[in-house]
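Here are some exercises to work through at your own pace, with the model open beside you. Try each task before you read its solution.

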Amino acid sequence: MREHYENQITDHKPLCLRLYHGKLETTFSKIFYSNKDRRRRYIKISLEEALQIQKNHFCLKMVKVLTKNLKLLRKCLSGLVEPDPAEIMASMPAAYRFSVSALEEELAHEEPGKPQQAQAQAGQNNASRRDSPRVLTADGTLVKSRIEALIYNALLASGLEFRYEYPITLSGITFRPDFTIFLPKGRVIYWEHLGLLGKEGYRSDQQFKLKTYYENNITMGINLILTADSIDKSIDTQMIDEIIRGLKHIAGLAA
């Protein structure tokens, strides 16, 4: 997705605009500074030129937000450690050591598939019980948090086709992305809102999920959107609006 907005940028330092509401018409002027006295100057421009400047500012802001999210994802993935049962067993005192292979066979017998997959699936189920829907949206759907309801209602008003917690199976594990957005030509965008990053268990679950997404070609800047609560549990609603405007542009819907 980031590449899409980067390709739309025609000027990385676009001029600023002034919107003037006159009695007979509304006009745009571009703003620049004189090299002589550094005073601000205004030049009236056409709506087409104003639209291009607006698009440049919007795309630059989108690229900035997506780049920040991509750095967050990379930082999150860098902290993910794939456990080696043999190394962990070797680090334990002799009194606690036993046959790891026997335990893995027992876990595999209880539930087909890799032990890690079984553990991840159990974590997903436990998370579902902990985070049962409790906030009502505009169309009567229950979601897990106030901010998820805000995103849901914004998507609902946008006219985009989407589903809440629509299941997908990746590497044998079923995940439920917060929002699955269906765009023209079969394109699908997944939107995850990370609302409990202050909790260690939640961070660990999200690291595993994002790693599995990455391994299955679901990545930031292409088909994955990540947002998160701030420390005070708030979110930048303008950022949500900008993300949805970008999705509507891709879908060919009027802004």
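**Exercise 1.** Work out how many bridges join strand β9 to strand β10, and in which direction the two strands run.

*Solution.* Step 1: take β9 as residues 179–182 and β10 as residues 188–194. Strands here are DSSP runs of E with at least two residues, helices are runs of H or I with at least four, and both are numbered from the N terminus. Step 2: count the bridges; there are four, and the strands run antiparallel. Two strands are called paired if DSSP finds at least two bridges between them. Step 3: find individual partners, including V188 for F182 and I189 for I181. Step 4: look at the hairpin, where five residues lie between the strands and K185 takes a positive phi near 65 degrees.

Before going on, please note that this is a predicted model, in which local features need pLDDT of at least 70 and side-chain atom pairs count only at pLDDT 80 or more, while totals for chains, interfaces and linings use all residues. Residues are numbered from 1 along each chain as its sequence is written, and side-chain values use heavy atoms, with hydrogens and water left out.

**Exercise 2.** Place β9 and β10 in their sheet and find which strands stand at the edges.

*Solution.* Step 1: follow β9 to its other neighbour; four bridges join β6 to β9, and this pair is antiparallel. One of the partnerships sets F162 against I181 of β9. Step 2: write down the order, which is β6-β9-β10-β11 in an open sheet of four strands with mixed pairing. Step 3: check the ends. β6 (161–164) and β11 (224–228) each have a single partner strand, so one side of each is left without a neighbour in the sheet. Step 4: add the twist, which averages 20 degrees from one strand to the next. Angles run from 0 to 180 degrees between N-to-C directions, and axes are lines fitted to C-alpha atoms, for helices over the stretch in contact. Step 5: add the helix that packs on the sheet. Helix α8 (residues 237–251) touches β9, β10 and β11, and its direction makes about 170 degrees with that of β10; contact means heavy atoms within 4.5 Å.

**Exercise 3.** Describe how α6 and α8 cross, and list the residues that make the contact.

*Solution.* Step 1: a helix pair is described by the angle and the distance between the axes. For α6 (residues 146–158) and α8, the axes come within 11 Å and cross at roughly 35 degrees. Step 2: name the residues. α6 brings L150, I151, A154, L155 and S158, and α8 brings T237, I240, I244 and K248. Step 3: sort them by class, which gives six nonpolar, two polar and one charged residues. Nonpolar covers Ala, Val, Leu, Ile, Met, Phe, Trp, Tyr, Cys and Pro, charged covers Asp, Glu, Lys and Arg, and the others, Gly among them, are polar.

**Exercise 4.** Two residues other than glycine, S171 and N217, have a positive phi; find where each lies and whether it is exposed or partly exposed.

*Solution.* Step 1: S171 has a phi of about 55 degrees and sits in the loop between β7 (168–170) and β8 (173–175). Step 2: its relative accessibility is 36%, so S171 counts as partly exposed. The classes are buried under 20% relative accessible area, exposed over 50% and partly exposed in between, with a 1.4 Å probe and protein chains only. Step 3: N217 has a phi near 65 degrees and lies in the loop between α7 (200–215) and β11. Step 4: at 62% relative accessibility, N217 is exposed.
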